[in-house]
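Biologist: I should be grateful for a close look at the ligand site of this model. Please treat the ligand, its surroundings and the space that holds it as one connected subject.

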Amino acid sequence: MKNRIVFATNNAHKKAEVQAVLGPDFELVTPRDCGVEEEIPETQPTLEGNASQKARYLHDRTGLDCFADDTGLEVAALGGAPGVHSARYATDGHDFAANNRLLLRNLAGQTDRRARFRTVIALILGGEEHRFEGIVEGRIIEHETGDEGFGYDPLFVPDGYDRTFAQMSVEEKNAVSHRARAVRKLVEFLKNVER
Ligand code: IMP
């Protein structure tokens, strides 16, 4: 029988990425599937705090086992920005194009292009919280390249590659991505837990 687990996202891209890593033994359920229509609050100053806040909120609303992730793009030359503010870097909304334009503007003339994505997952299982982290190192290129993925994908080239995440299939991105690395740790943990 499949293990159903609630994932605190209504972002179809993210859901597909995570489902591909989880494999067929797990069935992801979205907040909307559980009748949670409102935006889940994420008002904490760290990725850890936000992941925890979202997972706890969803657990309180549904009573189900659930997990939430929070991701930031941490750019060395910008002192780790946009970091926890990655979604709302340029505007109040999730305007990917505006975020990418602002990032390029803030890095104009900068030769140190090192950046990393960091994902923190908070899992609430049987009322207890567990955390998992995934990191991918890379660099920010000068122009948006590629049509796949979302967010900063068209600007991010992971170490060891000469293509952006936006030029990769879901499978290729999942081989190295921050979120996939964190999810693989989550899967290992879930497989070893008696359910
Ligand atoms: P979230 O915490 O996963 O919602 O991520 C916050 C923001 O980071 C998103 O709005 C995106 O701008 C960016 N982001 C997160 N994951 C990725 C990714 O895999 N590729 C590119 N950008 C991402």
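To begin with a single contact, how far does a polar side-chain atom of K173 lie from an oxygen atom of the ligand?

Modeller: The distance is 2.8 Å, between a polar atom in the side chain of K173 and an oxygen atom of the ligand. Please bear in mind that this is a predicted model. A second side chain also takes part: an N or O atom of H178 is placed 3.0 Å from a ligand oxygen atom. The backbone contributes as well, since Y152 has a main-chain N or O atom 3.1 Å from a nitrogen atom of the ligand. On its own the ligand has 470 Å² of accessible area, and the protein covers 94% of that area.

The shell around the ligand consists of 14 residues. K173 is among the closest of them, together with K14, D70, D153 and R179. By character, the shell divides into five nonpolar, four polar and five charged residues. Two elements, strand 3 (66-75) and helix 5 (178-192), each provide at least two residues of this shell.

The surrounding space can be described next. The ligand occupies the largest pocket, whose volume is about 930 Å³. This pocket is lined by 39 residues, and those closest to its centre are K14, E42, K54, A87 and H94. K14 thus appears in both lists, being one of the closest residues to the ligand and one of the closest to the pocket centre. Helix 2 (47-62), strand 3, helix 3 (96-106) and helix 5 are the elements that give two or more residues to the lining. Strand 3 supplies the largest share, with five residues. The lining as a whole comprises eleven nonpolar, 15 polar and 13 charged residues.

One backbone feature may be added to this account. The peptide bond that leads from A81 to P82 is cis, and its omega is near -5 degrees. P82 itself belongs to strand 4, which spans residues 82-83.

Definitions and conventions:
Residues numbered from 1 in each chain as written. Predicted model: local features only at pLDDT ≥ 70, side-chain atom pairs only at ≥ 80, totals over all residues. Heavy atoms only, no water. Near = heavy atom within 4 Å. Polar contact = N/O pair within 3.5 Å; in protein donor to acceptor, adjacent residues only side chain to side chain. Areas by Shrake-Rupley, 256 points an atom, 1.4 Å probe, with all protein chains shown as cover. 1 Å grid on protein atoms, 1.4 Å probe; cavity = no way out; pocket = protein on both sides within 12 Å on 5 of 7 lines; lining within 4 Å. Sits in = over half its atoms within 2 Å of the grid points. Helix = DSSP H or I, 4+ residues; strand = E, 2+ residues; numbered from the N terminus. Nonpolar A, V, L, I, M, F, W, Y, C, P; charged D, E, K, R; others polar. Points joined across faces, edges and corners; volume = space filled by probe spheres on them.
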